[in-house]
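Colleague: I have a protein on my screen and a pile of naive questions about the labels people put on it. Can you take me through them?

Modeller: Sure, pull it up and ask away.

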Amino acid sequence: MKSDSIPGRQFTPEQLSLCACPKCKGSLIHNGLDNTLDCTACRLQYPVKSGIPVLLQDYTGVHQEEHT
Ligand SMILES: [Zn+2]
């Protein structure tokens, strides 16, 4: 796979159309302020690491109660 992506660049609509929220399958928008992908449906935020969106629910900013 050729890696020609530039870190920090804007996601193209085509890239975003390939990404969907793993929780609700909603569409994602790029949040340039936090450098996250935000789900427009359930408001989960997915971090972007080295230009690659991390679409894992475990990595979202949602604070869940810890079971200790
Ligand atoms: Zn969602």
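Colleague: Let's start in the strands: which residue stands opposite Ile-52 in E4?

Modeller: Lys-49 does. Bear in mind that this is a predicted model. Lys-49 belongs to strand E3, residues 45–49.

Colleague: What makes E3 and E4 a pair?

Modeller: Pairing takes at least two bridges between the strands. Two bridges join E3 to E4, so they count as paired. The two strands run antiparallel.

Colleague: And how do you know that E1 and E2 pair?

Modeller: Use the cut-off of at least two bridges again. Four bridges join E1 to E2, which covers residues 36–39, so the pair qualifies. One of the matches is Leu-28 with Cys-39 in E2.

Colleague: What joins E2 to E3?

Modeller: Three bridges, in the antiparallel sense. Asp-38, for instance, stands opposite Gln-45 in E3.

Colleague: What does that give as a whole sheet, and in what order?

Modeller: An open sheet of four strands, ordered E1-E2-E3-E4, with antiparallel pairing.

Colleague: Why are E1 and E4 called the edge strands?

Modeller: Look at their partners: E1 (28–31) and E4 (52–53) each pair on one side only.

Colleague: What else is there in the secondary structure?

Modeller: One helix goes with the four strands, and along the sequence the pattern reads α-β-β-β-β.

Colleague: On to burial. Why is Leu-44 called buried?

Modeller: The cut-off is 20 or more other C-beta atoms within 10 Å. Leu-44 has 21, so it is buried. Leu-44 is in the loop between E2 and E3. Its C-alpha atom is 9.9 Å from that of Gly-26, which is 18 residues away along the chain.

Colleague: How much of the protein counts as buried?

Modeller: 15% of its 68 residues.

Colleague: What makes Lys-25 exposed?

Modeller: Exposed means 12 or fewer other C-beta atoms within 10 Å. Lys-25 has 10, so it is exposed. You'll find Lys-25 in the loop between H1 and E1. Lys-25 also has a positive phi, near 65°, in a residue other than glycine.

Colleague: Is Ser-50 buried or exposed, and how do you know?

Modeller: Exposed: Ser-50 has 9 other C-beta atoms within 10 Å, and the limit is 12 or fewer. Ser-50 is in the loop between E3 and E4. Its phi is positive too, about 55°, although Ser-50 is not a glycine.

Colleague: Which residues take a positive phi in the hairpins?

Modeller: Asn-35 is one, in the hairpin of E1 and E2, with phi near 55° and four residues between the strands. Arg-43 is another, in the hairpin of E2 and E3, with phi near 70° and five residues between the strands.

Colleague: What share of the contacts links residues 24 or more positions apart?

Modeller: 13% of those with a separation of 6 or more.

Colleague: Last one: where is confidence lowest and where is it highest?

Modeller: Helix H1, residues 13–18, has the lowest mean, 81, and E2 the highest, 92. For the whole protein the mean pLDDT is 79, and 69% of residues reach 70 or more. Where pLDDT is low, the predicted coordinates should not be read in detail.

How values were computed: Residues numbered from 1 in each chain as written. Predicted model: local features only at pLDDT ≥ 70, side-chain atom pairs only at ≥ 80, totals over all residues. Contact = placed C-beta atoms within 7 Å. pLDDT = per-residue confidence, 0-100.
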